[in-house]
Amino acid sequence: MKSLIIYESVYGNTGKIAFVLRDALLAYGDAIALKPDNLIAEDLKDYDLILAGSPTQKFSMLPSIRAFLAEIPRAGLKGKKVAAFDTRVDVAKINNRFLSLMAKLFGYAAPDIASALRKKGGELLLPAEGFLVEDTEGPLTEGEEERARAWAGSLAQKAGGKT
Ligand SMILES: Cc1cc2nc3c(=O)[nH]c(=O)nc-3n(C[C@H](O)[C@H](O)[C@H](O)COP(=O)(O)O)c2cc1C
């Protein structure tokens with residue numbers, strides 16, 4: 001199975017998750033993590049499993065990820081297994097009622113990424129996943145790398161990848 005992780009990262013935390021996912025998926029075949037700058041939509045045809053992830057900023061994905069997803073032709077992900085992830089702060093920890101309400105109303109990057117991947121014909125293997133950071137610049141909350149590893153394993157199983 002060939003896996004591609006498309007990711008963007010400002011402070012490095014989403015990048016860390018992308019590399020954990022890549023390393024876990026290497027047990028099932030080829031896997032590579034790339035930023036959208038290093039990809040064109042045409043490249044996607046080479047992969048079986050395609051993950052896309054972004055830091056959540058302003059309740060949404062970063063513009064570079066949005067632009068890349070928009071570039072994928074209609075039905076460009078037909079026959080592809082897909083999944084979406086983001087990183088985000090734990091609003092429960094910030095203890096700010098306004099921010100909690102905003103997050104509840106406007107959400108996070110991953111569900112929007114998942115719906116964009118599905119709109120292009122991808123088969124979503126698992127619900128969009130969010131990984132927590134302690135603060136804007138990180139670090140990742142303890143246990144999140146392990147959770148990412150397990151998530152990648154579940155995706156690979158669902159995709160029918162063999163170890
Ligand atoms: C301008 C800005 C807006 C942000 N907005 C949100 C937000 O709406 N919700 C959230 O959970 N985290 C928000 N964050 C925190 C980011 O999710 C966090 O910086 C990111 O997960 C770190 O990932 P990275 O190291 O890959 O950039 C924001 C951060 C910045 C810098």
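The largest nonpolar core in this predicted model takes in 48 residues. Within that core, Leu21, Ile50, Ala52, Ala84 and Ile113 touch the most other members. Beyond the core, a few backbone spots in loops are worth a look: a cis peptide bond before proline 139, plus positive phi values at phenylalanine 59 and alanine 75.

**The core, seen from alanine 52**
- Alanine 52 is one of the core residues that touch the most other members, so it makes a handy place to start, given that a core is built from buried residues joined through C-beta atoms within 7 Å.
- Setting aside neighbours within four places in sequence, alanine 52 is in contact with Ile6, Ile65, Leu69, Ala84, Ile113 and Leu117.
- Ala84 and Ile113, both on that contact list, are also among the residues that touch the most other core members.

**A cis bond in a loop**
- Glycine 138 and proline 139 are joined by a cis peptide bond, with omega at about 0 degrees.
- As for where this happens, proline 139 sits in the loop between β6 (129-133) and α6 (144-159).

**Positive phi without glycine**
- Phenylalanine 59 isn't a glycine, yet its phi is positive, at about 65 degrees.
- You'll find phenylalanine 59 in the loop that runs between β3 (49-55) and α2 (63-71).
- Phenylalanine 59 has 14 other C-beta atoms within 10 Å, so it counts as partly exposed.
- Alanine 75 is another non-glycine residue with a positive phi, near 65 degrees.
- Its loop lies between α2 and β4 (81-89).
- Alanine 75 counts as exposed because it has 11 C-beta neighbours inside 10 Å, and the cut-off for exposed is 12 or fewer.

Note on methods:
Residues numbered from 1 in each chain as written. Predicted model: local features only at pLDDT ≥ 70, side-chain atom pairs only at ≥ 80, totals over all residues. Buried ≥ 20, exposed ≤ 12 C-beta atoms within 10 Å, placed from the backbone. Contact = placed C-beta atoms within 7 Å. Helix = DSSP H or I, 4+ residues; strand = E, 2+ residues; numbered from the N terminus.
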